[in-house]
Amino acid sequence: MAKSFVHGVALIAASLAFVSVARADELASYKVAGDGIVESLTGAPGDAVRGRALVLARTTTCILCHSGPFPETRFQGDLAPDLTGAGNRWSASQLRLRLVDASRFNAETIMPSYYRNDDLVRVGRNFTGKPILSAAEIEDIVAFLATLRD
Amino acid sequence: MSVWHAIAAAALFAAAPALLAGEIPPDARRSGYSFMGPDTRAMQDDDTSNPGMLFVLDGQSLWTKKSGSAEKACADCHGDARSSMKGVAARYPAFDNALSRPVTLDQRINLCRATHQQASPLPYESRDLLALSAFVAHQSRGVAITAGDDPQAKPFVAQGRDLFMQREGQLNLACTNCHDDNFDKHLAGAPITQGQPTGYPLYRLEWQTLGSLERRLRSCMSGVRAQAYDYGSPELVALELYLMSRARGLPMETPAVRP
């Protein structure tokens, strides 16, 4: 009896933990307008300095494929266009949608959808249910890319 | 054109599977060796500097060592590996009639241990298994790859090809996205090759040891943040078989060296 009570509590605790995890993983909703997302995913503007650091961080994955105006690193990819001048070519709204879901522009693209957690196959245990980047990280990167004007 | 010519041409056409979009035509297939710098090439070319040769030498002594409760060595059944094992690795993974599925060279070694030596299986990536498979595969150095030619293997080659084309993981990338569509380019500055399986097991400088093809495939899967298949799983065997059939005609290089 006492044992099954403990079990019951543990079960409830476990399912509560599960619910809150599931909540934490829910993505902020956003509205696609034309070829972009006009409003910030967080409701606040991003920080371009943090955005630059994020683009350069290997774990963010951008410079695995892209190069850009980053003289301090030799480890840049050439699978994708150079990011120099991205702020001339694209509005913040277009950049935001590109990061959220590049496959909307080109269904065959190799660029991952950074703000998506469904329709994926065999996602690794540590990554299931999570988008690659958080809404705040996307906003920081959008703010940085918008400053890339030549 | 004579009837015979027409039939021969049709047969040839039927024998070569049609390439999917993006697949590399046979005459453009290149080993990872051709993407390396001169230093790494020199290390592979010279047996006295190739660190993989130490494993081959270990494998050579295991070949003649009695093992298991049957008290038999590999050599007791297979004799001189230089003749009996020549060309074998170039045909693996090979279809096993008893199991009705393809098995890798590692699995074949463990099947021999179980049935003929009554010995326990060697764990994947253990030094002894890598040494034995390096020794056996080394006997095929220079032999052209023909794995997957066996008609019974075809459904498994097709399964492997589907897995190669399947996007997976949080980054949602397929093997083909890098190794068919983007070889010769660079991922964070490192060259991307065609992902040819010609040199395994091979010495990877990044690993500082010898490793199997499955280890390499699992790290590509973790790289795209996918759940890697278990060692020896049917999916990894099918992928390995597809990679070998995709490398048809390329010479074996075991033990290769890679950066």
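**Exercise 1. Two cysteines**

Does Cys65(A), at 17% relative accessibility, count as buried or exposed?

*Before you start.* This is a predicted model, in which local features need pLDDT of at least 70 and side-chain atom pairs count only at pLDDT 80 or more, while totals for chains, interfaces and linings use all residues. Residues are numbered from 1 along each chain as its sequence is written, chains are lettered from A and ligands numbered from 1 in the order in which they are written, and side-chain values use heavy atoms, with hydrogens and water left out.

*Step 1.* Recall the classes: buried is under 20% relative accessible area, exposed is over 50%, and partly exposed is in between (1.4 Å probe, protein chains only).

*Step 2.* Cys65(A) has 17%, so this residue counts as buried.

*Step 3.* Now look for bonds. A disulfide is a covalent bond between the sulfur atoms of two cysteines; here the test is a pair of cysteine sulfur atoms within 2.5 Å. The count over all chains is 0. For Cys65(A), the nearest cysteine sulfur belongs to Cys178(B) and is 7.2 Å away.

*Step 4.* Try Cys74(B) in the same manner. Its closest cysteine sulfur, in Cys112(B), is 7.4 Å off, which is too far for a bond. With a relative accessible area of 15%, Cys74(B) is buried.

**Exercise 2. A recorded binding site**

Which residues of chain B does UniProt list for "binding site"?

*Step 1.* The unreviewed UniProt entry lists Cys74(B), Cys77(B), His78(B) and Cys112(B). UniProt positions are given in the numbering used here, feature names are shortened, and annotations may be inferred rather than shown by experiment.

*Step 2.* Check how they are placed in space. They span 39 residues in sequence, yet no two of their C-alpha atoms are more than 10.9 Å apart, so they gather at one spot.

*Step 3.* Look at two of them in detail. Cys77(B) sits in helix α4 of chain B, and so does His78(B). Helices (H or I, at least four residues) and strands (E, at least two) are DSSP runs, numbered from the N terminus.

*Step 4.* Apply the accessibility classes. Cys77(B), at 49%, counts as partly exposed, and His78(B), at 34%, is partly exposed too.

*Step 5.* Find the neighbours of His78(B). A contact means heavy atoms within 4.5 Å. Leaving out residues up to four places away in sequence, His78(B) touches Trp63(B), Ser84(B), Met85(B) and Cys112(B).

**Exercise 3. A covered helix**

How many of the 12 residues of α7(B) are buried?

*Step 1.* Start with the length of helix α7 (residues 127–138) of chain B. The expected span is 1.5 Å times one less than the number of residues. For 12 residues this should be 16 Å, and the end C-alpha atoms are 16 Å apart, which agrees.

*Step 2.* Count the burial: 10 of the 12 residues are buried, so α7(B) is mostly covered. Among them are Leu129(B), Phe135(B) and His138(B).

*Step 3.* Name the cover. It includes α3 (52–63), α4 (74–78), α5 (81–84), α6 (105–117) and β6 of chain B.

*Step 4.* Turn to α6(B), whose buried residues include Leu105(B), Ile109(B) and Arg113(B). Part of the cover of α6(B) comes from α7 of chain B.

**Exercise 4. A small sheet**

What is the strand order in the open sheet of 3 strands in chain B?

*Step 1.* The order is β6-β5-β7, with mixed pairing. Two strands pair if DSSP finds at least two bridges between them.

*Step 2.* Find the edges. β6 (209–211) and β7 (257–258) of chain B each have a single partner strand, so one side of each is left without a neighbour in the sheet.

*Step 3.* Follow one pairing. Strand β5 (residues 202–204) of chain B is joined to β6(B) by 3 bridges, and the two run antiparallel. In one of these places, Arg204(B) has Thr209(B) as its bridge partner.

**Exercise 5. Two chains together**

How many residues of chain B are in contact with chain A?

*Step 1.* From chain B, 21 residues are in contact with 26 residues of chain A.

*Step 2.* Add the area. The chains bury about 2,100 Å² between them, 53% of it on carbon and sulfur atoms. Buried area is the accessible area (1.4 Å probe) that two parts lose on being put together, summed over both.

*Step 3.* Find the main contributors. Gln170(B), Arg225(B) and Gln227(B) supply 34% of the area that chain B buries against chain A, more than any other three residues.

*Step 4.* Finish with chain A itself. This chain has 6 helices and 0 strands, and 37% of its 150 residues count as buried.
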